[in-house]
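Thanks for asking me to look this over. I have put my comments as numbered points so that you can follow them with the model open beside you.

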Amino acid sequence: MSTPPKQSDRRLIWAIVAFILCVWIGSVSFGQTLDDTETSIADAGHQTIGDLLGIDIESWSKVATRTEGILLRNNTSAFGLDRVRTELTTWRDVFADAKEKNAARLATVESQIAALGTVPAEDETEAAAVTARRTELIAFRDELAAPGLLAAEAHARAVGMMSEVESQLRARQTVALMVRSVSPLNPVYWPDAALHLFDGVKAIGNEITAGVMNRQWNSTNLGRLLWALIAIGGSILLFRRTQKFMDSRTASTADGAGHLVSDFFGTVLQALIPLFGLVLLTYGLTTLDVFGVRGETVLRELPLTGSTIILASWLGKQFFPMGDKYGPLNQPTEVRIKTRRTAIILAWLVGLWWPYSAFVSSGSDSPDAISVLYFPFILVVAIVLFRFSTLLRHAPDAAAGEDISVGRTRSVVGRVVQLVAIAAPVLGLFGYDAAARAVLFPTCISLGLIGVIIYLQSLCYRVYDLLYGIEEGRKKALVPVVVGFVLFIVSLPIFALIWGAERSDLLSFWSRFTAGFSIGETSISPSDFLTFVLIFSVGYLLTGFIKTSLRSSVLPRTSLDLGAQDAIVAGFGYVGIFLAAVIAITSAGIDLSNLAIVAGALSVGIGFGLQTIVSNFVSGIILLIERPVSQGDWIEVGDRMGYVRNISVRSTRIETFDRSDVIVPNADLISNQVINWTRGNLAGRLILSIGVAYGTDVDKVAAILKDIAEAHPMVIMTPPPAIMFVNFGADALEFEIRAILRDVNFVVSVRSELNFEISRRFAAENIEIPFAQRDIWLRNPEVLRQADSGKQADDSKDMTETPKFAQEPHPDVEMSDPDAGDTT
């Protein structure tokens, strides 16, 4: 009899059923949602181009049509062309973003098509379901790719029209620079120029008088006047008190980091405080509101004028200081004084150029008079600039030490500036005042920007001097050099603006730069490059960290010898760098399949030109795997003998006994005979030869040698050293000590110590160590006497004749060896 289920069991059963129903309903709904998504994307083929791209395509068509008409007419002003370029830049960026539409979905569909395999040949068959599914996916892929293709076409159209607009703008700028006006040396135009100058001064005076006299001085205007006077007075006070304030601010004599920080902030405040005073002065003069139209035109240039003078004066103090400080250029004291004075004069002239040109060019319809009035200012600036460049090229003081600016670079810059200072007034004399102004004043401002870069780089050197010490900091100052290079790269847009580039030009260039370039079917952008560098750097640092951990923490805890540990660390390093490079390239969007073509093309070059490198590379891998030699082994290769200090993929470094490094290609270690004295075991045999005189007690000699060998601490007693009586030599009885040493690396020192002890013991025991002796026996000496008398007779005839017996052996002279017992 079965018992009815409990109430809790019924609840559990109903809960399971409800869960199954929910899962089934959810899966059906999700599948329907996927089908609806694919249907909605497939229906996109019935939409318009604008709907596909999500862009107002009608507005783009109007802009493109209008731009093409402007380019065909070629009569639009430069301002109009610049506006058209700005508009095209916006559309180009829009289409560049639209090109990536559906990119992720396209990649998925492409992988689905690839999974179905290639289309079968005519004589092959395929399942109908597979064919139908492939056809459906291909149609779906084409629909997905349509927005990107349309955006790419529109992007190409926008880029092409931008190039045409920029070509016309460059052509017009060139024409404007080459426009020739009248020569300022022609006295016909002088009266008109003088009248124009006088009328301008008079007009500004009348405007100021009218502004003061016609102003109703009510409470509002009196309040504005009070604020203006306060601002002007504050600016004057800041200008007058700046130097005194800064002298008290930077009077600290502390050394180290505190001195560097206080010095840096002190020099920065020397420029910031006058700039703040300039802001107050501009605000006060503008608040007065009494200068009129032409006066306001000149007043608007006051901030640029004051900034130029203040910053140039500040740079002059840093580069050409007074007193014992040399500055970054290390010029002698008298040269620094002259250069600083000339730099300040040049800064005032360049700063005053902006209000002067605004004053001269306003209120006149006579370009000839303006050209004549420009020339005296251009001539004065060119003369001062030539003087400054001459002083700049002066050689540094030899007692000042290292300087930041290399003498050759300084000389080249000074020579270029001198040429500009000569060319500008010459161009002005021939009427090309626009070209003269276009090269003269940007050169002066560029010198100031170069000075700022050099100052920041010298600050980096000072930081390194503080961290590493002066001597070591100069040697290890790679980072300041890199910082200087980065500063120069960052300043390139500023240089471009100084030399006449427009902001829209820089924005256009930046857009093209960020868009990247194409290599085959692969597009590479700066963001891809930064991605590659970032991922590869992380992989490289991670590989180095793991190598360090393996070498210091993991592998020393194992039973592997030093050579095996080095092989594992080196192999992991190569594999890690390879994987980091592959992952970085893949993440940057570079297709590695395209590298197969390059690898095939390089295979021929590797086979012929790089076969030695490849041979050494393969040999290095064999050394790391088989380890016939390891780091620390004492090996002998040819006539070279020493310790293995490092095994790389290409070569092996051996340190000889005279502390010199020998780089041996790995192929030599594989193909040639190598003697490894310490392979697997440091123990090695020592053979020491000893000779004693004939007649010595050989048993006594053997006993003494055995005592000496066994007494040495480096000699192993198992097996014990052997004393061998090896030969009856020509001059001695020859013995050998054959002993096994604990460490064969000490064989030279052990040999020397044993020889010292043998010499001492033999001397104490009166045992003679013989040396080779030879006796000369003369047979028939009377023949030599006759030959000697004949020689004296012959010498009376010919003093230069050589005796015959001196040239060749006499037949009656015999050599005998008493030890050998025979004669020759």
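1. A word on terms before we start: helices and strands here are DSSP runs, numbered from the N terminus, and two strands count as paired if DSSP finds at least two bridges between them. Please also keep in mind that this is a predicted model.

2. With that in hand, take the pair formed by strand 9 (residues 722-728) and strand 10 (residues 733-741). The two run antiparallel and share six bridges. If you want a landmark, go to Met724, whose bridge partner in strand 10 is Glu736. Four residues make the hairpin connection from strand 9 to strand 10.

3. Next, the sheet. Its five strands are arranged in the order 6-5-4-3-7, the sheet is open, and the pairing is antiparallel. Strand 6 and strand 7 (674-676) are the edge strands, each with pairing on one side only. From one strand to the next, the twist averages 40°.

4. Which strand of this sheet is largely enclosed by the rest of the structure? That is strand 5 (residues 651-656): five of its six residues are buried, so the remainder of the structure largely encloses it. Buried here means under 20% relative accessible area.

5. Strand 5 has a partner on each of two fronts, so to speak. With strand 4 (residues 640-647) it pairs in the antiparallel sense over five bridges, and Val644 sits opposite Ile654 of strand 5. The link from strand 4 to strand 5 is a hairpin of three residues.

6. Strand 6 (residues 661-665) also pairs with strand 5 in the antiparallel sense, over five bridges. Here Thr652 lies opposite Val664 in strand 6. The hairpin between strand 5 and strand 6 has four residues, and Arg659 in the turn shows a positive phi of about 65°.

7. To continue through the sheet, look at strand 3 (residues 634-637), which pairs with strand 4 in the antiparallel sense over four bridges. Glu636 has Met641 as its bridge partner in strand 4.

8. Now to the helices, beginning with helix 5 (residues 103-115). How far apart should its ends be? At 1.5 Å a residue, its 13 residues should span 18 Å, and the end C-alpha atoms are indeed 18 Å apart, which agrees.

9. Helix 5 has three buried residues to inspect: Leu106, Val109 and Ile113. Viewed down the axis of helix 5, the buried residues fall within an arc of 65°, so they line one face of the helix. The reasoning is familiar: an α-helix has 3.6 residues a turn, so residues three or four places apart point the same way. Helix 6 (128-177) is among the elements that cover the buried residues of helix 5.

10. On the face of helix 5 turned away from the buried side you will find the exposed residues Ala104, Ala114 and Ala115. After helix 5 comes Gly117, with a positive phi near 90°.

11. Last, helix 7 (residues 190-213). This helix has 24 residues and reaches 35 Å from its first C-alpha to its last, close to the 34 Å expected at 1.5 Å a residue. Its buried residues are Ala193, His196, Gly200, Ile204 and Gly211. They pack against helix 10 (292-299), helix 12 (333-361) and helix 13 (367-392).

Notes. Residues numbered from 1 in each chain as written. Predicted model: local features only at pLDDT ≥ 70, side-chain atom pairs only at ≥ 80, totals over all residues. Heavy atoms only, no water. Buried < 20%, exposed > 50% of the residue type's maximum accessible area, 1.4 Å probe, protein only. Expected span 1.5 Å × (residues − 1). Contact = heavy atoms within 4.5 Å. Axes fitted to C-alpha atoms, helices over the stretch in contact; angles between N-to-C directions. Arc of directions from axis to C-beta.
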